[in-house]
Amino acid sequence: MAQKVVLKVLTMTDDKTKQKAIEAAADIFGVDSIAADMKEQKLTVIGLMDAVAVVKKLKKVGKVDLISVGPAKEEKKEEKKEEKKEEKKEEKKEEEPKK
């Protein structure tokens, strides 16, 4: 099961260190996606990997704080709910002209 690891890389202040952090996370086996937020200095890593391995690898880039580790399915559930709502709206629109 894929997991979502959110880290705060305190040395990620410019594009060069951001690129180093992304490349370090990409080297880990099982990583599916990486998202970096420069303003909050956060790095989000999603995939079938060990959270300890991610932190260990990123410590070579700079100081790292682990914010959260959890399942990556949260985003998919929200998307499914939105899709169901849209389908219901479309069904209602289709039924109204038939009257």
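The following legends accompany close-up views of a predicted model.

**View 1. Overall architecture of the chain, with 3 helices and 4 strands.** Read from the N terminus, the elements succeed one another as β-α-β-β-α-β-α. The chain has 99 residues, of which 25% count as buried. Among contacts with a separation of 6 or more, 67% are between residues 24 or more positions apart. The exposed surface of the chain amounts to about 7,500 Å², and 49% of this area is supplied by carbon and sulfur atoms.

**View 2. The open sheet of 4 strands, ordered E2-E3-E1-E4.** Pairing within the sheet is antiparallel. Strands E2 and E4 form the edges, each pairing on one side only. From one strand to the next, the twist averages 15 degrees. Helix H1 packs on this sheet and touches E2 and E3; the direction of H1 makes about 165 degrees with that of E2. Helix H2 lies across E1, E3 and E4, and runs at about 25 degrees to E1.

**View 3. The antiparallel pairing of E1 with E3.** The two strands are joined over 6 bridges. Leu7 has Leu43 of E3 as its bridge partner. In general, strands of a sheet pair through backbone hydrogen bonds, in either a parallel or an antiparallel sense.

**View 4. The hairpin formed by E2 and E3.** Strand E2 comprises residues 31-37 and strand E3 residues 42-47; the two run antiparallel and are joined by 6 bridges. Asp37 stands opposite Lys42 in E3. Between the strands lie 4 residues, and Gln41 in the turn adopts a positive phi of about 55 degrees. Lys42 also takes part in a salt bridge with Glu40, at 3.3 Å from N to O. Which exposure class does Lys42 fall into, at 28% relative accessibility? Because this value lies between the limits of 20% and 50%, Lys42 counts as partly exposed. Glu40 is likewise partly exposed, with a relative accessible area of 43%.

**View 5. The salt bridge between Asp65 and Lys63.** The closest N and O atoms of this pair are 3.5 Å apart. Asp65 has a relative accessible area of 32% and is therefore partly exposed. A search of the whole structure finds 2 salt bridges. Strand E4, which spans residues 64-71, is among the elements that cover the buried residues of H2.

**View 6. The buried and exposed sides of helix H2, residues 51-58.** Ala51, Val54, Val55 and Leu58 are buried in this helix. Seen down the axis of H2, the buried residues fall within an arc of 95 degrees, so they line one face of the helix. Val52 and Lys56, on the other side of H2, are exposed. What covers the buried residues of H2? The cover includes strand E1 (3-9), helix H1 (15-26), strand E3 and strand E4 (64-71). Three of the strands, E1, E3 and E4, are those across which H2 lies.

Key: Residues numbered from 1 in each chain as written. Predicted model: local features only at pLDDT ≥ 70, side-chain atom pairs only at ≥ 80, totals over all residues. Heavy atoms only, no water. Pairing = 2+ DSSP bridges. Salt bridge = Lys/Arg side-chain N within 4 Å of Asp/Glu carboxyl O. Buried < 20%, exposed > 50% of the residue type's maximum accessible area, 1.4 Å probe, protein only. Arc of directions from axis to C-beta. Contact = heavy atoms within 4.5 Å. Axes fitted to C-alpha atoms, helices over the stretch in contact; angles between N-to-C directions. Areas by Shrake-Rupley, 256 points an atom, 1.4 Å probe, with all protein chains shown as cover.
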